[in-house]
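Take a look at the two chains below. Then read on for a brisk tour of how they are built.

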Amino acid sequence: MSAVTRGLRNPFRTRVRTGVVVLLLAIIIGLFAVMVQGASLTRQKLEDLQASVRTVIELREAGAFGTGGFGGDRPIGADTFSVATLEQVRRISSADHIARMEEYVHTPEIDASRPNAYAMIIGLRPTAPMRAIGEVDYENARIIAGRALSEPDADRDVAVVGRLYAKERLGIDARSETALSGRTVALNGHTLEVVGIYATGNDFGDNHVFVPLETFRRIYKPGDKLSKIRVTVDSVANVEAVTADLKQLGGVDAVTASEQVSTARTTLGSMAAATLYASLLLFAIGGVLVAFVMVLATKERVREIGTLKAIGASNWEIVKQSLAEVLAVTLLAAVGAVLAAALFGFALRAALDLELRLDQSTLLLIVLGGFAFAAIGSCYPVFKGIRLSPVQAMKDT
Amino acid sequence: MGMIVLGLRNLLRNKIRLILVAILIGVPFFLLLAMNAIGDAVQRQTAVLAKNVNTVLQLRARGSMGHVNMVGQDRILPQDVPEKMRGIEHVEHVEPYLLAMAPITPPNFVMHVGLAPTAVKRLESHGEAGNPRIIAGRDFTPEDAGQGVAIIGQGYAQWAGIKPEDMGTATLTVDPTRTHPVIFAMERPTRELRIVGMYASGYVFGDLQLFLPIDTFRSIYGTAEGISWVFVKVDSVENVPLVAQRLRETVGDVADILVPESAAVFTATTSRTVTQLSGAGGLLAIALMVIVVFFVLLMTVRERAREIGTLKAIGASNRGVTLQFLTEAVALSLLGGALGLLLFRAAGAMVTGRLFALGIGPFLPSHYKPLFESLAVSTQVSASVLLLVLVVAVLAAVVGSAYGVWQAIKLSPLEAMKHE
């Protein structure tokens, strides 16, 4: 019988002891797998937060409110803030961190005879978020009738109007099922089909008309001029660096809520660091535990090593046999670990409503790590045994 | 008593085994304390995030920008709105502002903002961007309330010919009769304000504001009552939707309420998951400690079945054997616990702080490096946590040991001595 076969069969020789060792390893490996999976899920959640919280930078023509001016205003950036600015933004040194850009062009529609005199006409890419004036880092506009603009609407004569605008200026009741059938809005002498009504919950925010950017350009002829560009950064960790680069652009105001960005960056970054640290700590400590369990479980095998040496086994054969035994025990433990992980996952789901499913890569990582640490742990008694003479080893228990 | 002493002395009989077992118990104990400290640090950071990001709501009169002299946009909130809001649960503070526009050349406008001297200086174009940096002169103090003083943005100051070195002596005349295509004249006398400070916001439009005490604003523009804007700070992002709902019920008939609701809900939900996950890490660490302690004691007792047989053969009672082994188990778990605690107190700060940053930092993106220092994982352990963990560990040790002893004492002395 070869040393490897002997090693693979050895765990089944003393079933109770092997059972205890395998159970202990299975629970440790299973628990660590769940913990590492938990740390990985935490990291994913934090990345979601970092990619979503306070990541929008608003660019406007320098010195302007960014709503298309109030009657002939000439802010400093009036002549320079345009489609060309988009290209300048793409060339900043931290451009790699820009996740997306959305350009908007505004013009007020003032009717002093109405209580809500200032309606805002906003041109945007059809799939860009409909952000009402005052909303910078979020958008609350929800379609309450009809539909939103979509890609095929680019350059079409269509519009989505706010609830208040629809009611006060078009006489449309958004609650009616036929509210939009054949309804139109006249903008600067052009007739546009109203395809949807949105609501933000606020009168001021619901007094806008969103139209496709190319349609806006055709109707109002602003040339290349833009009112706002919203730059979304890939992570809040990079917002300050991107903002600093954007502030170097001439004729551009780059606006963020800097205190909130700083808080979000620091807190989320610290949490991500803590999670990363916890993952590494878990892996290291799991390894130490597995190694020590194996030291404890195999140290009494020194006598057996002496016997093997007495019957002529070479040191290499003893090491091979030991490694084969560790492999057998680890594989058995891995099967148990899957069950243990499922059990702990179920307990967490029941207790904390947390969905922790063990993925294959985590399990593979933990099992391979478990085998490596178990092999290290079993090396101590093996090397101790093979250094002794057969007689000393057989006496040394 | 004799068996207890024997149990304690037995610990020292095989020093290598003692060290191995103490380490086996101490390591999960250390892990538990470390996970607890990391969980605490994560929860502290989550609390800071939940308290400070996406927790500010803005209110204006319905459909209006709330500028007291803007054509068609001069509706403002009733005077009693802030007081009504202060009574809402989870509202931390309420800050009222009054705003007016003033024309400048080339054609553009600046904003005059009345506020309580200690309130956050909010920028018209981005209310959440607050407290721009004072670059010359001084900030407001509570004594400035009602005084003819102002803090000016550097862009506005440049237009008005005011230099940073003139702070405290420079003056600016506010003339409510001046007009612009969207600014109507208010028949009020001009008022000279002493400029005590200059600020910089980091962008041109943000630097075109003048902050003045709200009572001074009222006397200049004749706005005895009413509020242009109110900013409401909610105590936690978790409560933003609830406060928004209460505000709609309380003042929704007169106010537009700008709420970062979707962002707040996302932040709250995801932060809650992160907190739950860090809590789950702590629970799993406790489970791990219990299981390791139980099995380690079970294994060490099983190895000594022959010794139990010998003790029985020389006349030791089952009770005596159990007492001896349980004493050993309690002492071992206490020793392991003490080792884990010592490790944590001695190396916890180093491992969680600088050593980790130095060891792992170079492999991480640059922005992570300073964060390890702000991670602030504390190596302080509260007495209640320590006591709870020790009690749980001792219980696990006693149960593991008792189970092993129970199995061994069921055997006859001869069987036990044969048992490996």
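A residue is called buried here if 20 or more other C-beta atoms lie within 10 Å of its own, and exposed if 12 or fewer do. B:N54 has 28 C-beta neighbours inside 10 Å, so B:N54 counts as buried. Keep that rule in mind. Note too that this is a predicted model.

**Unusual backbone spots**

Most residues other than glycine have a negative phi, and most peptide bonds are trans. Some spots here break the habit. B:N54 has a positive phi near 60°, though the residue is not glycine. B:N54 sits in the loop between helix 2 and strand 1 (56-61) of chain B. Chain A has such a residue as well: A:R54, not a glycine, has a positive phi of about 60°. A:R54 lies in the loop between helix 2 (15-52) and strand 1 (56-61) of chain A. Is A:R54 buried or exposed? A:R54 counts as buried, because 30 C-beta neighbours lie inside 10 Å.

The peptide bond from B:T105 to B:P106 is cis, and its omega is near -10°. B:P106 belongs to the loop between strand 2 (91-104) and strand 3 of chain B.

For contrast, turn to B:E143. With 9 other C-beta atoms within 10 Å, B:E143 is exposed. Its place is the loop between strand 6 (133-137) and strand 7 (149-153) of chain B. B:E143 and B:T118 are 25 residues apart in sequence, and their C-alpha atoms are 10.0 Å apart.

The table puts the neighbour counts side by side.

| Residue | C-beta neighbours and radius | Class |
|---|---|---|
| A:R54 | 30 inside 10 Å | buried |
| B:N54 | 28 inside 10 Å | buried |
| B:E143 | 9 within 10 Å | exposed |

**Chain B as a whole**

Chain B holds 13 helices and twelve strands. Of its 420 residues, 51% are buried. Take the contacts in chain B with a separation of 6 or more: 81% of them join residues 24 or more positions apart.

**Chain A: domains and a kinked helix**

Chain A splits into domain 1 (3-49 + 266-395) and domain 2 (55-256). The centres of these two domains of chain A, taken over C-alpha atoms, are 58 Å apart.

Helix 10 of chain A covers residues 360-387, 28 residues in total. From first C-alpha to last, helix 10 of chain A reaches 40 Å, close to the 40 Å expected at 1.5 Å a residue. Where does helix 10 of chain A have its kink? The kink, of about 30°, lies at A:C379, shortly before the proline A:P381. Buried residues in this helix include A:I366, A:F373, A:P381 and A:I386.

**Where the chains meet**

Chain A gives 82 residues to the contact, and chain B gives 78. Which helix of chain B gives the most to the side that touches chain A? Helix 7 of chain B does, with 23 residues. By type, the residues on this side of chain B are 47 nonpolar, 25 polar and six charged.

**The cores**

The largest nonpolar core has 242 residues. A:L25, A:I28, B:L57, B:V292 and B:V293 have the most contacts inside this core. Helix 7 of chain B supplies the largest share of the core, 21 residues. Another core, of six residues, lies apart from it and includes A:V382 and A:I386.

B:L57 shows what such contacts look like. Leaving out residues up to four places away in sequence, B:L57 touches residues including B:V232, B:V243, B:L247 and B:I257.

Notes
Residues are numbered from 1 along each chain as its sequence is written. Chains are lettered from A and ligands numbered from 1 in the order in which they are written. This is a predicted model: local features need pLDDT of at least 70, side-chain atom pairs count only at pLDDT 80 or more; totals for chains, interfaces and linings use all residues. Domain bounds come from an automatic or database domain assignment. Two residues are in contact if their C-beta atoms, placed from the backbone, lie within 7 Å. Helices (H or I, at least four residues) and strands (E, at least two) are DSSP runs, numbered from the N terminus. Ala, Val, Leu, Ile, Met, Phe, Trp, Tyr, Cys and Pro count as nonpolar, Asp, Glu, Lys and Arg as charged, and the others, Gly among them, as polar. The expected span of a helix is 1.5 Å times one less than its number of residues. The bend at a residue is the angle between axes fitted to the seven residues ending there and the seven starting there. A nonpolar core is a set of buried Ala, Val, Leu, Ile, Met, Phe, Trp, Tyr and Cys residues joined through C-beta atoms within 7 Å.
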